[in-house]
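The following exercises are to be worked with the sequence and the structure at hand. Each task is followed by a solution in steps.

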Amino acid sequence: NVFYLAVAKKAPKGKEAAKPAPKEAPPEEVPAEPPKEAPPEDQSPTAEEPTGVFLKKPDSVSVENGKDTVIVAKVNGKELPGTPTIKWFKGKWLELGSKSGARFTFKESHDSASNVYTVELHIAKVVLGDRGSYRLEVKAKDFCDSCAFNVDVEGALVGVGEGSKGLEVVEEEKKKKKDDDDLGIPPEVWELLKGAKKSEYERIAFQYGITDLRGMLKRLKKAKVEVKKSAAFTKKLDPAYQVDRGNKIKLVVEISDPDLPLKWYKNGQEIKPSTKYVFENVGKKRILTIHKCTLADDAAYEVAVKDEKCFTELFVREPPVLIIKPLEDQQVFVGDRVEMSVEVSEDGAQVMWMKDGVEMTREDSFKARYRFKKDGKRHILIYSDVTLEDGGRYQVMTNGGQCEAELIVEEKQLEVLQDIADLTVKASEQAVFKCEVSDEKVTGKWYKNGIEVRPSKRITISHVGRFHKLVIDDVRPEDEGDYTFVPDGYALSLSAKLNFLEIKVEYVPKQEPPKIHLDCSGKTSENSIVVVAGNKLRLDVSITGEPRPVATWLKEDEVFTATEGRVRIENHADTSSFVIESADRADEGRYTIKVTNPLGEDVASIFVRVVDVPDPPEAVRVTSVGEDWAILVWEPPKYDGGHPVTGYLLERKKKGSQRWMKLNFEVFTETTYESTKMIEGILYEMRVFAVNAIGVSQPSMNTKPFMPIAPTSEPLHLVVDDVTDTTTTLKWRPPDRIGAGGIDGYLVEYCLEGSEDWVPANTEPIERCGFTVKNLPTGAKLLFRVVAVNIAGRSEPASLFQPVTIREIVQQPKIRLPRHLRQTYIRKVGEHLNLVIPFQGKPRPQVVWTKGGAPVDPARVLVRTSDFDTVFFVRQAVRSDSGEYELTVQIENMKDTATIRIQVVEKAGPAENVMVKEVWGTNALVEWQPPRDNGNSEITGYFVQKADKKTMEWFTVYEHTRQTSCTVPDLIVGNEYYFRVYSENFCGLSDSPGVSKNTARILKTGITFKPLEYKEHDFRTPPKFLTPLPDRVVVAGYAAALNCAVRGHPKPKVVWMKNHMEIREDPKFLMTNYQGVLTLNIRRPSPFDAGTYSCRAVNELGEALAECKLEVRVPQM
């Protein structure tokens, strides 16, 4: 005889379980029961009408243990914005995929004609762990929808025996969660789950192939997990600490026994006490203080007490880098060397250079001919040979600020400061040609009659600073000619003539009257000589006569006799010389030489004119400024240096800077100049040089510091807000552009239509963007305008295009009821009622609040009314404040009304007459009546709980049920239960429940259970990497971590290798294994640490290997 013992499927909540079959029945009357299959699509108990994207939703199925099942769904592609992505989930969050096992297979097909997607989920050899809820999710771009279904599993235990009289089918009671029911999960996995965080449950379940997540979570919820407390530490280190560089940090732990020995470690190396590391003992606290933290202190720290350890990570943060000395504007010539420097607050800080908004890098420096240099806190950008393309605006940016400056590159222009002069020399004398140019680096060549002059014993060519000299000793007649100096690289030449004075010896009688022979080189008129101030003047006058005449020099009418000093007389046999060293303005005048001997006298006069650079310009001042410009005016110099002033040169600089920038290279002839391209809000200073034919004057006095500031733009959106018989209220918005000068306020002006006489409405600027102009004539038509005022003056006015008639505007009353008050306004007892209702109407309307036709009670309700709204306020609402309130707004015979419904609610009372009406199997039917007091609000549901009479611990059975009865399933056989019911409304659950007056006793029934004989599963598996090692590229100096996950039982031994060499006790590497997740931490990697890293996992069943490549890049500074 064959006996069957059927395991009943779990009944759905709220329904009866299947009734037990008769104990005995004739064998021939019981046909073999075929395997249960999923019901037809149109007969599914959970089938729903197709709505939305699902043409056919997946059906809930009941499958016999060990059988196969198929779940089918159809998706309407016409409702989707694109090709869908379809996923199957178990529960709400466990995605089914290729890693779910070979038993789960998926099929998807598409009918292009009807645009319908058909998807199938195949589950082979269903087990008890497959039962539970499932979900199908469809996604397409921004669209997402899902539907749920259930899978129930039925099991059958079949035994064969002899001597039986018939077939006995006995239903097993519903499955109970016993302490020894481990759901087929190994004990070591349960221990792992008990000690893991909730966020790790999904990963562990996926790793060990657990599919019954609901059962696992229920088992974990019932299990009392006691967190293992540390025996040595009562307070451990935090996971991580952070400190700014240069500051100190304290690491604090608390130990259970103050006598226990304790050691601190940094990167695995024990820390010894020193001035940097200070150990403190305060009671049971042990403190490690690290002074003046540096980047070397950024490490892993641990503290060990006997065999217990706790770990932490210390991160040292760089402070923000501030700019101490910013960049300065520079103006240079092509080919000059340029250094732009900035000083920051930290040594070795990282800064970023930018030119015209584009970053400058070391990679581009070879093409652009620049280089970077660091000197402590100074960062320097160097151009060895600057070009026109290098000009622009440069920026330096740090993590704590930025600065900018402008580099102006101009073509070189050579100025001749002193031209060479014609010379007349005698035989055997020395001829010196001398000139001065503006650039001391300029070289040049000397030519005589177009032929280059070469140095020799008699000819010397020299170049000292800005001066170029050609010296010819022992002048000979052949040296006479035109001499030219040509600077290298410039289309410029300086020419002068050398005249040879031939001395003729004539025989004359011994007695001869005196005679003066004058040769005025450089003369501009007869007997007139011009000399540049600062140069040497030598008047050599040849004298003849017998006997030898006596020479006397006079300046104007005074006799000059000095033979030493700056101005002196030198007498020789045939000449008398008047020498002036470094001529100045006082030396200008008429000089007379008188020679006498017994035969007579001779007189000659020479007018010496001293020319110089002009005096500096006077009264230099800035008369007006704008957003990026300023007008500079000045007076011509009092003394023009003897030559007319040909123009002016101008310079400017930022206040506090020492670097002046030229504003013009060609002389400017006017005495008014507009300087542009300035930065608004920056203080500047300017100065002027006068220029004449001799040279450039000394600079003028600096102008007073000035700041380019512009008035604001005109105010925006000027409108009339209100008009009465004597007032007009205007409103506007701030100007679109305010600038660095800010805004001090606004001025309002008005005038009659057709007039240009604007009358100020306010004498002091107002700050707010609105103003009421008062005392206006009734009926007048006025124009209004508003100007913004700041330190730079008045802005352009914002005007009204149409005149405003000064007359009261009558406006009908209108209540603007807020949207949330157009339906019943619900508040809880004790809360305040604060209703703000705006209205309109002119003149000011009369506002009345009523309730039920009577005015509201002023003792309960506070009403405040303004020109444009009314406020209804109750400090603490009570239920009697509920009702309909009417608001009336009236102006003479015109009015408007609005009705506001207020409902004040509180928590409902408990459910009434809670009774256990019926008990069957492990189910109980509980009924109750609604509460007497619903709290002035609709009852939205009930909250049902059960409690075992022995423990009286309450557990929730139903939430938000709207019926006044429920069936409580899954009661434990042999226990007696009480039930209680809370009422729920808008305010929440009632304060007290209604408790059942009787109990439900679950009686034991005769049940025979025969355990299934099965072979114990072998959980041993060889090592397998679930997550491989990915290739990594890291930056040198920043910590890196290599991660992978391995699975295997028994727990595999893990070995890390670099370039196939095992990594042993190296403090640079930290290896961790947390529940199969393997991590190799590399502290501050360098290019030497690059290579191939591999991880080998080995146990008794085999081994697995994972490899990756690590590349370490050095950041470019």
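**Exercise 1: A strand with two faces**

In the predicted model, strand β66 (residues 833-842) has one covered and one uncovered face; assign its residues to the two faces and identify the pairing partners of the strand.

Solution.
Step 1. The covered face of β66 consists of Leu 833, Leu 835, Ile 837, Phe 839 and Gly 841. The uncovered face holds Asn 834, Val 836, Pro 838, Gln 840 and Lys 842.
Step 2. Strand β64 (residues 811-815) is joined to β66 by three bridges, and the two run antiparallel. Within this pair, Gln 811 stands opposite Lys 842, a residue of the uncovered face.
Step 3. Strand β70 (residues 869-874) is also antiparallel to β66, with six bridges between them. Here Leu 835 stands opposite Phe 872 of β70; Leu 835 belongs to the covered face.

**Exercise 2: A strand covered on both sides**

Determine how many residues of β54 are buried, and with which residue of β54 Glu 651 is bridged.

Solution.
Step 1. Eight of the eight residues of β54 are buried.
Step 2. On one side these are Tyr 684, Met 686, Val 688 and Ala 690. On the other side they are Glu 685, Arg 687, Phe 689 and Val 691, and both faces are thus covered.
Step 3. β54 runs antiparallel to β51, and eight bridges join the two strands. In this pair, Arg 687 is the bridge partner of Glu 651.

**Exercise 3: The cavity**

State how many cavities of 30 Å³ or more the whole structure contains, and describe the lining of the largest cavity.

Solution.
Step 1. The search of the whole structure yields one cavity of 30 Å³ or more. The volume of the largest cavity is about 60 Å³.
Step 2. Its lining is formed by Glu 328, Asp 329, Arg 652, Lys 653, Lys 654, Ser 657, Arg 659, Met 661 and Tyr 684.
Step 3. Sorted by class, the lining comprises six charged, two nonpolar and one polar residue.
Step 4. Strand β51 (residues 647-654) supplies the largest share, three residues. Tyr 684, another lining residue, is buried on one side of β54.

**Exercise 4: A loop residue**

Is Thr 712 buried or exposed? Locate the residue and list its contacts.

Solution.
Step 1. Thr 712 lies in the loop between β54 (684-691) and β55 (716-723).
Step 2. Thr 712 counts as buried because its relative accessibility is 5%, and the cut-off for buried is under 20%.
Step 3. Leaving aside residues up to four places away in sequence, Thr 712 touches Pro 735, Arg 737, Ile 738, Gly 742, Ala 788, Asn 790, Ser 795 and Glu 796.

**Exercise 5: An open sheet**

Give the strand order of the four-stranded open sheet that contains β2, and name its edge strands.

Solution.
Step 1. The order is β2-β4-β8-β7, with antiparallel pairing.
Step 2. β2 (54-56) and β7 (104-111) each pair on one side only and are therefore the edge strands.
Step 3. On average, neighbouring strands of this sheet are turned by 25° against each other, direction ignored.
Step 4. β2 pairs with strand β4 (residues 69-76) over two bridges. Phe 54 has Val 75 of β4 as its bridge partner.

**Exercise 6: The whole chain**

What are the numbers of helices and strands in the protein chain, and what percentage of its residues count as buried?

Solution.
Step 1. The protein chain has four helices and 90 strands.
Step 2. Of its 1117 residues, 39% count as buried.

Note on methods
Residues are numbered from 1 along each chain as its sequence is written. This is a predicted model: local features need pLDDT of at least 70, side-chain atom pairs count only at pLDDT 80 or more; totals for chains, interfaces and linings use all residues. Side-chain values use heavy atoms; hydrogens and water are left out. On a 1 Å grid over the protein atoms alone, a cavity is a set of points where a 1.4 Å probe fits but cannot get out, and a pocket is an open set with protein on both sides within 12 Å along at least five of seven lines; lining residues have an atom within 4 Å of a point. Grid points are joined across faces, edges and corners, and a volume is the space filled by probe spheres set on the points. Ala, Val, Leu, Ile, Met, Phe, Trp, Tyr, Cys and Pro count as nonpolar, Asp, Glu, Lys and Arg as charged, and the others, Gly among them, as polar. Axes are lines fitted to C-alpha atoms, for helices over the stretch in contact, and angles run from 0 to 180 degrees between N-to-C directions. Buried means under 20% relative accessible area, exposed over 50%, partly exposed in between (1.4 Å probe, protein chains only). Contact means heavy atoms within 4.5 Å.
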